[in-house]
Amino acid sequence: MVLFESMQTVAIWSVVFILLLAWIGSGKQPVYIIRSFVKLIIHSRPFLIAFVSFMFLLVVNKYQLDLEAMMSITWDFTPLIHQIEGQFVYHLQQLVEHPALTPIFAFFYLVIFQAIIIASIGIYAAKGLNSFAVAICYAITFNYIIAIPFYLWVPVDEVWSYAPSGVSFLMLDSFPTFEENYRAFSGLNNCFPSLHTSISATVAMIAWRSGIRRWIWIACPSAVIIIFSIFYLGIHWVSDMFAGIALAAVCSWIGLKLAGISTFQTKTTISAEQQTSRSLADS
């Protein structure tokens, strides 16, 4: 089943689900969420710095493939990874592959992954949890800061592209022009660690710390499905996932630390922050 004809289709679905998930996760109307986000940018210097840092790293990541091409690295760690893992991803894919599941996992990989990142910022702004909005921006920023050197110097090809793996690239069933439209954003040998794993897990970890039940019930299951999709679609190795989870744990801790959120912060403290921020959001 073809879901996506181009990146424009992915972008439209992403915008729709950013608003929908932010609405459900916060319990606030989209207009209120957007208004809270704008006010947070205007009135909170810590958030402005964190958000600009986040956007800057996204721009840097866009040019990472150009830098990689200029470096002309010839070594390849893919055979080593395959030697360690064997045919695990192949057997997993053969076990669960079904035409009805493919579009679901493709949708989570392409749309929900982007949506939960942006929606999380809007949710924290709308709920008055300014420090958590700062934390998620820094946490995702450090995901890129730590991952990019690995992509430059530890090249690992996607599972499907390594012939001995026998794995199929199921993404093409739902997005036939993936290679032409999406590949410019994600290098074929940029597997280790898996940013889809690390960032979705980071969003889930910080959501858990926030105590927002609505958002926890969205972010955590979404992260699990996204992580499973990297195997189902034939993109990542198991090593990529484990490295991604470790990266998420480190970056979540960094984000919370930079935002001034204590490991032992209580719900009472969080409620106090919400009360302090409410007057700002309603002004």
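Biologist: How many aromatic pairs does the structure hold?

Modeller: The model is a predicted one. Rings of Phe, Tyr and Trp pair if their centres lie within 6.5 Å. By that criterion, the number of aromatic pairs in the structure is 19.

Biologist: Are the rings of Phe-4 and Phe-107 stacked or edge-to-face?

Modeller: A pair of aromatic rings is described by the distance of the centres and the angle of the planes. For Phe-4 and Phe-107 the centres are 6.3 Å apart and the planes stand at 15°. Planes under 30 degrees apart count as stacked. The pair of Phe-4 and Phe-107 is therefore stacked.

Biologist: Where in the chain do Phe-4 and Phe-107 lie, and how many residues apart are they?

Modeller: Phe-4 belongs to the segment before helix H1 (7-26), whereas Phe-107 sits in helix H7. Both Phe-4 and Phe-107 are buried. The pair links distant parts of the chain, its members being separated in sequence by 103 residues.

Biologist: Which residues form one aromatic cluster with Phe-4 and Phe-107?

Modeller: The cluster includes Phe-4 and Phe-107, the stacked pair. Joined with Phe-4 and Phe-107 in one aromatic cluster are Trp-13, Phe-17, Trp-160, Phe-169, Phe-175, Phe-178, Tyr-182 and Phe-185.

Biologist: How many salt bridges does a search of the whole structure find, and which residues do they join into one network?

Modeller: Side chains of opposite charge can pair when their charged atoms come close. A search of the whole structure finds two salt bridges. Arg-183 forms one with Glu-158, with the closest N and O atoms 2.8 Å apart, and Glu-179 meets Arg-183 in a salt bridge that is also listed at 2.8 Å, N to O. Through shared partners, the network joins Glu-158, Glu-179 and Arg-183.

Biologist: Where do Arg-183 and Glu-158 lie, and how many residues apart are they?

Modeller: Arg-183 is in the loop between helix H10 (178-181) and helix H11 (195-210). Glu-158 is in the loop between helix H8 (130-153) and helix H9 (171-174). The salt bridge of Arg-183 with Glu-158 links distant parts of the chain, and the separation is 25 residues.

Biologist: Is Glu-179 buried, partly exposed or exposed?

Modeller: Buried means under 20% relative accessible area. Arg-183 is buried at 12%, and Glu-158 is buried at 4%. Glu-179 has a relative accessibility of 29%, so its class is partly exposed.

Biologist: Are helices H2 and H7 roughly parallel or roughly perpendicular to each other?

Modeller: Two packed helices are described by the angle between their axes and the distance between the axes. The axes of H2 (residues 30-43) and H7 (residues 102-126) come within 8 Å and cross at roughly 85°. Angles of 65 to 115 degrees count as roughly perpendicular. H2 and H7 are therefore roughly perpendicular.

Biologist: How many nonpolar, polar and charged residues has the contact of H2 with H7?

Modeller: From H2, the contact is made by Tyr-32, Ile-33, Ser-36, Phe-37 and Leu-40. From H7 come Ile-121, Gly-122, Ala-125 and Ala-126. By class, the residues are seven nonpolar, two polar and no charged.

Biologist: At what angle do the axes of H1 and H2 cross, and which residues meet?

Modeller: The axes of H1 and H2 come within 9 Å and cross at roughly 90°, which makes H1 roughly perpendicular to H2. The contact has six nonpolar, one polar and no charged residues. Leu-19, Ala-22, Trp-23 and Ser-26 of H1 meet Pro-30, Ile-33 and Ile-34 of H2.

Biologist: Which residues are joined by a cis peptide bond?

Modeller: The bond has an omega of about 0°. Pro-193, one of the two residues, is in the loop between H10 and H11. The cis peptide bond joins Phe-192 and Pro-193.

Biologist: What is the phi of Ser-72, and is this residue buried or exposed?

Modeller: Ser-72 lies in the loop between helix H4 (64-71) and helix H5 (78-85). Although Ser-72 is not a glycine, its phi is positive, at about 55°. With 53% relative accessibility, Ser-72 counts as exposed.

Biologist: Which residues does Ser-200 touch, not counting residues up to four places away in sequence?

Modeller: Ser-200 is found in helix H11 and counts as buried at 0% relative accessibility. Its C-alpha is 9.4 Å from that of Ile-112, a residue 88 places apart in sequence. The residues touched by Ser-200 are Phe-113, Ile-116, Leu-195, Ala-223, Ile-226 and Ile-227.

Technical notes. Residues numbered from 1 in each chain as written. Predicted model: local features only at pLDDT ≥ 70, side-chain atom pairs only at ≥ 80, totals over all residues. Heavy atoms only, no water. Axes fitted to C-alpha atoms, helices over the stretch in contact; angles between N-to-C directions. Helix = DSSP H or I, 4+ residues; strand = E, 2+ residues; numbered from the N terminus. Parallel < 35°, antiparallel > 145°, perpendicular 65-115°, else oblique. Contact = heavy atoms within 4.5 Å. Nonpolar A, V, L, I, M, F, W, Y, C, P; charged D, E, K, R; others polar. Salt bridge = Lys/Arg side-chain N within 4 Å of Asp/Glu carboxyl O. Buried < 20%, exposed > 50% of the residue type's maximum accessible area, 1.4 Å probe, protein only. Phe/Tyr/Trp six-rings, centres within 6.5 Å; stacked < 30°, edge-to-face > 60°.
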